[in-house]
Amino acid sequence: MHNRAHVLRRGKRLAGPAFPAQPTLHFGQAWPGLALVLPAGAASPDLRPLRQAIDGLWRGPLAGGEAGEEVLVVTFVSPVRLEAATVPGALPLAAGHAGVLTSFAQATPGAEAAPPTAGPVRRVELWWGGRPRRVALEALPRLPLEDLWDPPRLHLHLPAAPRRTDVAPAPAGGAGKPPAEDGLMPVARSKVALATEPPPLSDAAMDSLARLEDRIKLSSIFRQMFLGDGRAGGLAGGRAGPWGQAPMPKGPSAWQNLGGWLRWHTPLGNPLRRSMTERMRLVEKLIASGDLDSALKLAMSLGGKTAEGLSKILPSGMWAARGSLDLNISPGGFAAPILGSGVFDSLEQRYRRLAGQLERDGDVRRAAFVYAQLLNDHVAAVNVLEKGGLLREAAKLAFDARLSPVRTISLLFKAGELDAALTLAKQAACFEALALDSKGSQPRYHAFVIKAWTDMLVASDQPLRALQVTDDLAEGMAADAALQQARRRWLAAALALRGEDPAGAELIVRGLLTADWTPEDVSPEGVEDFPDMARVAGSGALPGLLVELQAALAGPGEPDPQSLIDLLNAFSRLADEGRAEQAAFWARPGPILLEALARALTERAGDRLGPNELSTLGRLLDRAGQSVLSGDLRKLTRLHRAGGRRRQSWRLPAPDLRREAVRRACVLAGGEVLAWRESDLLQLFDHHGAPLWQGRLSQVIGLVSVGSSASALVLQDTGEGAVTLSRFVAGQRRLSSIGRLRLRAWHDVTSESQWLVQIGGDVGALDLAALCGPRPEVRFLWSSALTEQVRAIAFAHFATGANWITRDIGARPGVMESWSRSTAGEVQTSVLLPQGATAEEMTPPADWVWAPHGINRNGPGRGVITSLPWSIERERTAVAIARARASAGVTEQDRFQSCDLYRPFVRLAGLRGETGDGPDERITVIQASGGTQPLFSIEHAADAGLACLARAPSRSGAERDPARRGGVCLFADGHGRMIAVEPLSGNVVLI
């Protein structure tokens, strides 16, 4: 009987497993995972449509399979309905016994799917090749979930080939770029071959130790187990992270933390501690014997990643040996181990001594490896590589470690990687910082930066800005001749863009200062009689500048004191007799023109001249050799009494007629105003309020001025969720079509190189040079893939990088989050939590001022908005606040005024009735961000309907001079009037 039983058992083994009743599971049901068998090296399928539901990814060789076969295993947080087309060729996985997923079932077909397995998945069983295959997930490399999300992108924008364009609007997308089948403009996705974009890394392991110290306390572990505290590094399932964004690095679960605590606070940890001590001794022996490669592969990283990709706190096992000594930074962050006593300090000092010795011996690669991979000191690693001449390796490491882009771009230039340097500079929008960093010490690098900067500005129709950024290079009598020729071309381009419109004070002064003053340019004939010249001779656009100056100084009609003061300020800032390009001006016409300016100022703008203006005028006359007039002016200064300080308030007069309401408007760089009325009338006014042009255009939903150019982007709602984008060039009165986009949100201004927008579910910066080129192209310089369940409601170009605020319109309606992207590419998310002394102060929405230093309430009230780093607990709080608002019947939304580009903000100060002047009067105040006193105030009736339509960026130089921070503010009232206010000068124009 016993022998027969043995025969039976042997026969069963030889026969193999029974063929399952259901070898593959049916599609059309919800399953907790899937598996896919692929040839070795084959590309993985596109899993991005499932990324919100994925809990884990593994890929590796299939045990027992044919040579070259690999298996890809995907587990879900909760069962997902799978169809045959979801992932072609995939095998659905059902929950088996504890911790096992299977691709087959012994039950009859059609049986209900088992509930998801409890606890983590440990093994997968596949029916493949006629027999079961058991795959332990611990034996497969784990793939990072961050790869399912697109990282911020870089792209090098090559200038388009120049071609002639027609005056009529160009077709959407420009010639050679046809729209898609749905009529939408294609959006270029930028890519870079340097490296992947890792998340932020800390440069100090001890800082990480301090932040994580609380996690190993029993109280914190129990809080995580029973209360679900989000401080443990994200949700246990790994789906943590801001809505629509790639998951935050998965942190240790509560059971892992508890196991680690027991291992390190009980005798259970003795074997592990002994093994770690032996490993450290082995590393020391290898170093002493000269086998550095083996030692570095076995050394413990004080800021590295474990093999599983989990942010461990207390080591739960021996750290894995490295396969190579590459300077790679893991895209999942790092965790510093808790070693206790003085072990960490002594180990860190030992590593630093080793790195210093390697550097002195000339072994810079290994020294950099110690700094970067063992100490997480990437700055020191980059410095070592640069000193050793390994510039490309230094640049790549600086890019991966998110060091300052100024540092990375400098290394790329030294390594000869000019295209990559230009790409990163355009993405970071840091040309000004690069120019300051390279000025004086690195002439070739400085010339490269300036050329790239000016090429970008000229391509986006900002030649005047190109002149401004090269003013320093044109100093002296030995200025580069090629630069002077380029500046002449930029001046001609700036004048051509103005068309028939007045050039303005700065262009007039620049043109006259740099003219050759010859009959082929501006003829000096009769200049002795200026400003009473009968005729101005010459060719090109420059004679017209002298005519404009003549009209401003002695023209008929009411004098414009502000224009004369603008001319004085421009001459005092730009005139320099030591410049080679101004030699002709100072040789003959300069003294005559400046004398005429001085006489016009005293005669036509005397009541606006203060001590500063008179002193400036005297210095100009001295430099022009007009010592007699300058002396008379000093005598006059002692007798002159200025008309008072600049105007700081103004009262809106009563309307004399009613016109169609102004719904959209923007202020162009030259002070012109482009406005759209509800009657579909698009109008252009000069900076004095005189009409220049008008035309009909329907469904305008936005007007956005383009940098420092005299052009604007026009947005029209064409229905079907799309927006038609065009560009209006003021000087040429030309409206050029760009194309249709799924534009969800946009910034009301642009920087000199970028426009922040949301297209579909992507928030990013569009390249102005590509958008404004002869062949318009919509191209992201960088973008962050969010989701269409959130809408951007405010944008900001702060000095530290791009910022935006989103409001959820999906599963978390009303939840607001703040996003910031540094110039180095680090994206961080914060939750915005309205808070107040009482529940009533938290519930109602309000107006807010968004400045670099924070968000402040704009108006009365005691409630505040607190911005806190994202966590699951804070998100739950934000959801509760949003639900409280909704349940209270609040339909209004919070509004934000971003004070970027040194723009002032506007607030309603209150009723004049509070001071006894009547209850029907209000005051609208213009105030600088961070300032304590108003720049300007407007008094008006309570029913005037005054609203701010546009706030222009401050003029050039505001970043260095706080006195220049206060751009033009444009208002409209309920009677169809517009009010343009220059708060710094007190000039008001009623249009």
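In the predicted model, the largest cavity is lined by 13 residues, and F399, R402, L424, A824 and G825 are those nearest its centre. Three helices, α10 (391–400), α11 (405–414) and α12 (418–428), are the elements that give two or more residues to this lining. The space inside the largest cavity amounts to about 80 Å³. By character, its lining residues comprise 6 nonpolar, 4 polar and 3 charged. In total, 4 cavities of 30 Å³ or more were counted.

The second largest cavity holds about 50 Å³ of space. Its lining consists of G814, V815, M816, L832, P834, A878, I881, A882 and R885. At least two of these residues come from each of β25 (827–835) and α26 (872–887), and α26 supplies the largest share, with 4 residues. The lining of the second largest cavity divides into 7 nonpolar residues, 1 polar and 1 charged.

An open sheet is formed by 4 strands, arranged in the order β10-β11-β12-β13 with antiparallel pairing. Strands β10 (662–667) and β13 (691–696) occupy the edges; each has a single partner strand, so one side of each is left without a neighbour in the sheet. From one strand to the next, the twist averages 15 degrees. Within this sheet, β11 (residues 673–677) and β12 (residues 681–685) are joined by 4 bridges in the antiparallel sense, and V673 stands opposite F685 of β12. In general, the strands of a sheet pair through backbone hydrogen bonds.

Across the whole structure, 45 salt bridges were found. One of them links the side chains of D748 and R903, with an N to O distance of 3.1 Å. D748 lies in the loop between β18 (743–746) and β19 (754–759), whereas R903 lies in the loop between β29 (895–898) and β30 (905–911); the pair therefore ties together parts that are 155 residues apart in sequence. D748 is partly exposed because its relative accessibility is 35%, while R903, at 1%, counts as buried.

Another salt bridge connects the side chains of E83 and R81, at 3.1 Å from N to O. E83 is partly exposed, with 34% relative accessibility, and R81 is exposed, with a relative accessible area of 53%. The side chains of E892 and R895 likewise meet in a salt bridge, at 3.5 Å from N to O; R895 is partly exposed, with a relative accessible area of 38%. Salt bridges with shared partners also join D471, R487, E506, R510, R573, D576, R579 and E581 into one network.

Definitions and conventions: Residues are numbered from 1 along each chain as its sequence is written. This is a predicted model: local features need pLDDT of at least 70, side-chain atom pairs count only at pLDDT 80 or more; totals for chains, interfaces and linings use all residues. Side-chain values use heavy atoms; hydrogens and water are left out. On a 1 Å grid over the protein atoms alone, a cavity is a set of points where a 1.4 Å probe fits but cannot get out, and a pocket is an open set with protein on both sides within 12 Å along at least five of seven lines; lining residues have an atom within 4 Å of a point. Grid points are joined across faces, edges and corners, and a volume is the space filled by probe spheres set on the points. Ala, Val, Leu, Ile, Met, Phe, Trp, Tyr, Cys and Pro count as nonpolar, Asp, Glu, Lys and Arg as charged, and the others, Gly among them, as polar. Two strands pair if DSSP finds at least two bridges between them. Axes are lines fitted to C-alpha atoms, for helices over the stretch in contact, and angles run from 0 to 180 degrees between N-to-C directions. A salt bridge is a side-chain nitrogen of Lys or Arg within 4 Å of a carboxyl oxygen of Asp or Glu. Buried means under 20% relative accessible area, exposed over 50%, partly exposed in between (1.4 Å probe, protein chains only).
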